[in-house]
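Q: Please take a close look at the aromatic ring pairs of this model, and then carry the description on to the pocket and the strand residue that can be examined alongside them.

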Amino acid sequence: MANVLLTTRCNRSCPYCFAKSEMSATPARNLISWENLIYIADFLKFSGQRHISLLGGEPTLHPDCVDFILYLLERDFDVAVFTNGMLSPARLEEFASHLTDVPVEQLTFVCNLNDPVQTPASKKETQRVHRFLSVLGPWTSAGFNIYRPDFTLDFLFDLINRHGMKRQLRLGVAHPVPGSPGGSIHPDEMAHIVQRLCSHRPQFDSFRVKPGLDCGFPICKFSDEQLGWLHRFRGAVHFGCGPAFDISPDMSVYYCFPLSNFQRKSLFEFDSVEQIDSHFARIRSLLKAEVAGIYSECDGCMHQEEGVCGGGGLCQVLNRFTGEASVRLTEIEHELSRHRQPV
């Protein structure tokens, strides 16, 4: 799955943001061009892809965001827009005028929602999010990033029910940028995170909201009973780690936001999505040969060897090297370069 950054600008500052390095490494008004977007659409079509995700920064800040969405829909893509919902009144009116007749199966907004108690926002920001949901609720899925162990999901079920949102909830854990301090869930906290998440099972069941787990959750922290509940409610649950590669406005491509500065390449170096997948799969394989996963028990784990679990997020795996000698990452990158095959 390709994630396309329309802009590196954002109008919100979340305490857990793992995209800050990408946001700060590029000009404040870095916007993707029509030329590059069309190239990406052609590239994905050639590769047989039908789904595209639009990210930022905050993608709705791009002046051509609505036109981009309409163009991609016209080319028969299923489009997902990852947004914080903080649209200006004028931009929300534009979205309402042009997108509310699109089938909900073809267009989805994934609205990243923060707990108003744990992550307070200004009254203006809160009002904008609620206006967004009141207009585009039926096209919108809720998203929530877990960045502290004492999280709660109660407010999300209220919003989903009140605004007639899609009955699914994307759940992610805040990941580290390797070598950078703070702002993420430590592997030692994962068992508690899973228990707290599953404590909301009665609400998931009563509101008929499907929990969707983003990458980084290790299967070993779920009991068989909890896995059975997830499977019955959602079907097969994936415990892997990407790549859902990201394409920046300057046409750089990388494994994911937390790894945006690791083995970064240009999209123009590839001829297909399959080549990109092979490139990043090779990186993942070489890293996992060094450290199997986020726990020592990952080495030799049956679930990882059979591809059922990815051993936690790759950024968490890479982050384990930072506590060792400073040359370790350099050595690994050299090894990756030595094994690099022509694309």
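A: What follows starts with the aromatic rings and moves on to a pocket and a single strand residue.

The model is predicted, and the count of aromatic pairs in it comes to 16. One of these pairs joins W34 and Y71, whose ring centres are 5.7 Å apart and whose planes stand at 85°, and because an angle over 60 degrees counts as edge-to-face, the pair is placed in that class. The W34–Y71 pair links distant parts of the chain, since W34 belongs to helix α2 (residues 34–46) and Y71 to helix α3 (residues 65–74), with the two positions 37 residues apart in the numbering. W34 is partly exposed, at a relative accessible area of 32%, and Y71 is likewise partly exposed, at 22%; for Y71 the class follows because buried would require a value under 20%.

Elsewhere, ring pairs connect F157, F204, F207, W229 and F233 into a cluster. Aromatic rings also meet charged side chains: R196 is positioned over the face of F151, 5.9 Å from the ring centre, while K221 is positioned over the face of Y295, with 4.5 Å to the ring centre.

Turning to the empty space, the second largest pocket holds about 360 Å³. Its lining is made up of 22 residues, and those that lie nearest the centre of the pocket are N114, P116, A121, T126 and V129. Two helices, α5 (123–136) and α6 (154–162), each supply at least two residues of this lining, and α5 gives the most, with 5 residues. By residue class, the lining of the second largest pocket divides into 11 nonpolar, 7 polar and 4 charged residues.

The last site is D78, which lies in strand β3, a strand that covers residues 78–83. D78 is partly exposed, with a relative accessible area of 21%, and this value falls in the partly exposed class because buried is reserved for values under 20%. Leaving aside residues up to four places away in sequence, D78 touches R50, H51 and I52, and also E105 and Q106. A further relation across the sequence is given by L107, which is 29 residues from D78 along the chain, while the C-alpha atoms of D78 and L107 are separated by 6.1 Å.

Note on methods
Residues numbered from 1 in each chain as written. Predicted model: local features only at pLDDT ≥ 70, side-chain atom pairs only at ≥ 80, totals over all residues. Heavy atoms only, no water. 1 Å grid on protein atoms, 1.4 Å probe; cavity = no way out; pocket = protein on both sides within 12 Å on 5 of 7 lines; lining within 4 Å. Points joined across faces, edges and corners; volume = space filled by probe spheres on them. Helix = DSSP H or I, 4+ residues; strand = E, 2+ residues; numbered from the N terminus. Nonpolar A, V, L, I, M, F, W, Y, C, P; charged D, E, K, R; others polar. Phe/Tyr/Trp six-rings, centres within 6.5 Å; stacked < 30°, edge-to-face > 60°. Buried < 20%, exposed > 50% of the residue type's maximum accessible area, 1.4 Å probe, protein only. Lys NZ or Arg CZ within 6 Å of the ring centre and 35° of its normal. Contact = heavy atoms within 4.5 Å.
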